[in-house]
Amino acid sequence: MSSSDRQITIPKFAGMKAAGQKITMLTAYDHTMASLLDSTGIEGILVGDSVATVVQGRPNTLPVTLDEMIYHAEMVGRAVRHALVVVDMPFLSYQTGTHQAVANAGRILKQTQCQAVKLEGDIYQVTEALVAAGIPVMAHYGLRPQSIHQLGGYRVDRDRERLLSDTKTAEEAGAFAIVLECVPAELAAEVTAAVSIPTIGIGAGAGCDGQILVTQDLLGVTPGRVPRHVKKYAELGNITLEAVARYRDEVRDGSFPTKEQSFD
Ligand code: KIV
């Protein structure tokens, strides 16, 4: 299957707002998880640069490279039949000029079977150039993890005037959707009403047109404390620990493998 055969296209995704249908998105970084998520019928899968922290064990999203994003996006792109697949452009793959941004986003679409890219922040010209080249853009405002040093930490974004103006600008530049991360619920609802493209919230309340979570957070496999906006729908971390401990004990006491798991 090619990316153009997928059931959720950019127009369908964007049109869900006008139809009053909520949009569900989750992150995926590999083929197995992407297939599982896709089979549930969610509308969008993001190959997030959160791969840096969730998979690579890095302290923030800044170190992940374009080649690494393409490596993960290619696995996800090959797995997905239904959902729209969006790939994060990593730090410094689009901030250094429109020419480089188009070349890098073009590599993502050419090499991964994914349909769109996501950019963090205030970059009208880059969005416009990508859209002109036929590359769909999802914008990302509020807390922008790639600007963590400038923002001084992972904080809720309460700057109403800037958020309203930035999101309007992203819409004018041709973005098809906007992620709002860690924005007060009332402000996110105001932004949502002010733009005609869908807003996808994470820590931005129920007034957004859709929601996204990091899948590992939702499944309860993220070690340590999870952010306030996360709801754990399962405790797969504990289930994994229990299963592995039973396996370890059975290997040690000789009760695994039995005849059932052996060949004659
Ligand atoms: O990288 C990511 O996972 C994201 C989501 C949190 C929106 O950008």
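**Exercise 1. Place helix H4 and its neighbour on the sheet of this predicted model.**

Task: Across which strands does helix H4 lie?

Solution.
- Step 1. Helix H4 covers residues 66-79 and lies across strand S2 (44-47) and strand S3 (84-88). The helix runs at about 155° to S2.
- Step 2. Turn to helix H5, residues 98-112. H5 packs on the sheet and touches S3 and S4. Its direction makes about 145° with that of S4.

**Exercise 2. Classify the packing of H4 and H5.**

Task: How are H4 and H5 oriented to each other, roughly parallel or roughly antiparallel?

Solution.
- Step 1. Take the geometry. The two helices pack at an angle of about 30°, and their axes are 9 Å apart.
- Step 2. Apply the cut-off. Angles under 35 degrees count as roughly parallel. H4 is therefore roughly parallel to H5.
- Step 3. Add the hand. H4 and H5 cross in the right-handed sense.
- Step 4. List the contact. From H4 come Leu66, Asp67, Ile70, Ala73, Glu74 and Gly77. They meet Asn104, Arg107, Ile108, Gln111 and Thr112 of H5.
- Step 5. Sort by class. The contact has 4 nonpolar, 4 polar and 3 charged residues.

**Exercise 3. Do the same for H6 and H8.**

Task: At what angle do helix H6 and helix H8 pack, and which residues meet?

Solution.
- Step 1. H6 spans residues 124-132, and H8 spans residues 160-173. The packing angle is about 25°, with the axes 8 Å apart.
- Step 2. H6 and H8 are therefore roughly parallel to each other.
- Step 3. The crossing of H6 past H8 is right-handed.
- Step 4. Tyr124, Thr127, Glu128 and Val131 in H6 meet Thr169, Glu172 and Ala173 in H8.
- Step 5. By class, this contact holds 3 nonpolar, 2 polar and 2 charged residues.

**Exercise 4. Trace the barrel.**

Task: In what order do the strands close into a barrel?

Solution.
- Step 1. There are 8 strands in the barrel, in the order S1-S2-S3-S4-S5-S6-S7-S8, and the pairing is parallel.
- Step 2. From one strand to the next, the twist averages 25°.
- Step 3. Check one pair. S4 (residues 116-120) and S5 (residues 137-142) pair in the parallel sense over 4 bridges.
- Step 4. Go to residue level. Leu119 has Ala139 in S5 as its bridge partner.

**Exercise 5. Divide the chain.**

Task: Where do the domain bounds fall, and how far apart are the C-alpha centres?

Solution.
- Step 1. Domain 1 takes residues 3-233, and domain 2 takes residues 236-264.
- Step 2. The C-alpha centres of the two domains lie 39 Å apart.

Methods. Residues are numbered from 1 along each chain as its sequence is written. This is a predicted model: local features need pLDDT of at least 70, side-chain atom pairs count only at pLDDT 80 or more; totals for chains, interfaces and linings use all residues. Side-chain values use heavy atoms; hydrogens and water are left out. Two strands pair if DSSP finds at least two bridges between them. Axes are lines fitted to C-alpha atoms, for helices over the stretch in contact, and angles run from 0 to 180 degrees between N-to-C directions. Contact means heavy atoms within 4.5 Å. Angles under 35 degrees count as roughly parallel, over 145 as roughly antiparallel, 65 to 115 as roughly perpendicular and the rest as oblique. A crossing is left-handed if the near helix is turned anticlockwise from the far one by less than a right angle, and right-handed if clockwise. Ala, Val, Leu, Ile, Met, Phe, Trp, Tyr, Cys and Pro count as nonpolar, Asp, Glu, Lys and Arg as charged, and the others, Gly among them, as polar. Domain bounds come from an automatic or database domain assignment.
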